[in-house]
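Biologist: Pull up the model, please. I'd like to go through some charged side chains.

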Amino acid sequence: MKKLSLIWMIAIVALPVHAQIGWNIKAGIGLSDLKRTDIMNTAFSYKAGAGADIPFNNRWALQPSLYFSAKGAGFHGYYGEEQIYDAQFRNKLYYLELPVLMAFKIKVEQSAYLILKAGPYAGYGLSGKASVKTPLSNDFHKTFSENLFSKECTYDAISYIDGTHSPIKSAPYNRLDAGISTGADLCVNHLLFGIEANWGLTSVSGDLMGEKPRNFTFYLMAGYQF
């Protein structure tokens, strides 16, 4: 990963000073998951931010961006002390993300072109919260106080994954996230419509219920190219 980042830095430095830099704003909604574990299921995700388009020529460009993104996942378990209820848990993670993508542009009409892009991304965890909801118990809902990036989360010590009274707990999450981002955009008269997918290559946590999961997200994107 360090070698890949070095290649992108060299590419940026090597850009011609007369390159016509473009700017854009984008936002998207989609799904996120924590892969490499069978316990988790998908959760709603979103992101928003701004980026640059630094052309090498009419077809190739470098596209660094900065996003605020909400990721995470959910899982089924049990919650309660004297009376134990079926529960749905959610782990929501908030990141500041920097993808640096290589883009290839294909002109499809006079004012429209297709953009195929891929490259590395790096993220920094700002905040993370876990919550529980028990639909069969007066729709009880609670967000636990711990920041998942700062300290171990015990889920009140009355949360269970399999009904065997083995309490759920998770070690502090890793703030640094890195992986590969891919996507495609259609730009029509400065309007952007696209899809993006991010595959994490680093573990979100060293011990999340005995697993070392990685982030995965998929987005439907929209934006404006200035």
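Modeller: Lys142 is a starting point: its relative accessibility is 29%, so it counts as partly exposed (20% to 50% relative accessible area; under 20% is buried, over 50% exposed; 1.4 Å probe, protein chains only). This is a predicted model, with local features needing pLDDT of at least 70 and side-chain atom pairs pLDDT 80 or more, while totals for chains, interfaces and linings use all residues. Numbering runs from 1 along each chain as its sequence is written, and side-chain values use heavy atoms, without hydrogens or water.

Biologist: Which residue forms a salt bridge with Lys142?

Modeller: Asp156, with the closest N and O atoms 2.6 Å apart. A salt bridge here is a Lys or Arg side-chain nitrogen within 4 Å of an Asp or Glu carboxyl oxygen. Lys142 sits in strand E6 (140-143), and Asp156 in the loop between E6 and strand E7 (159-160), 14 residues apart. Strands are DSSP runs of at least two residues, numbered from the N terminus.

Biologist: Is Asp156 buried or partly exposed?

Modeller: Partly exposed, at 31% relative accessible area.

Biologist: How many salt bridges in the whole structure?

Modeller: The search finds 9. One of them pairs Asp185 with Lys26, at 3.0 Å from N to O. Asp185 is in strand E8 (residues 176-188) and Lys26 in strand E1 (residues 22-35), so this pair ties together parts 159 residues apart in sequence.

Biologist: Are those two buried or exposed?

Modeller: Buried: Asp185 is at 4% relative accessibility, and Lys26 has a relative accessible area of 8%.

Biologist: Next, what does Lys105 bridge to?

Modeller: Asp53, with N and O 2.9 Å apart at the closest. Lys105 is in strand E4 and Asp53 in strand E2, 52 residues apart. Both are buried.

Terms used
Helix = DSSP H or I, 4+ residues; strand = E, 2+ residues; numbered from the N terminus.
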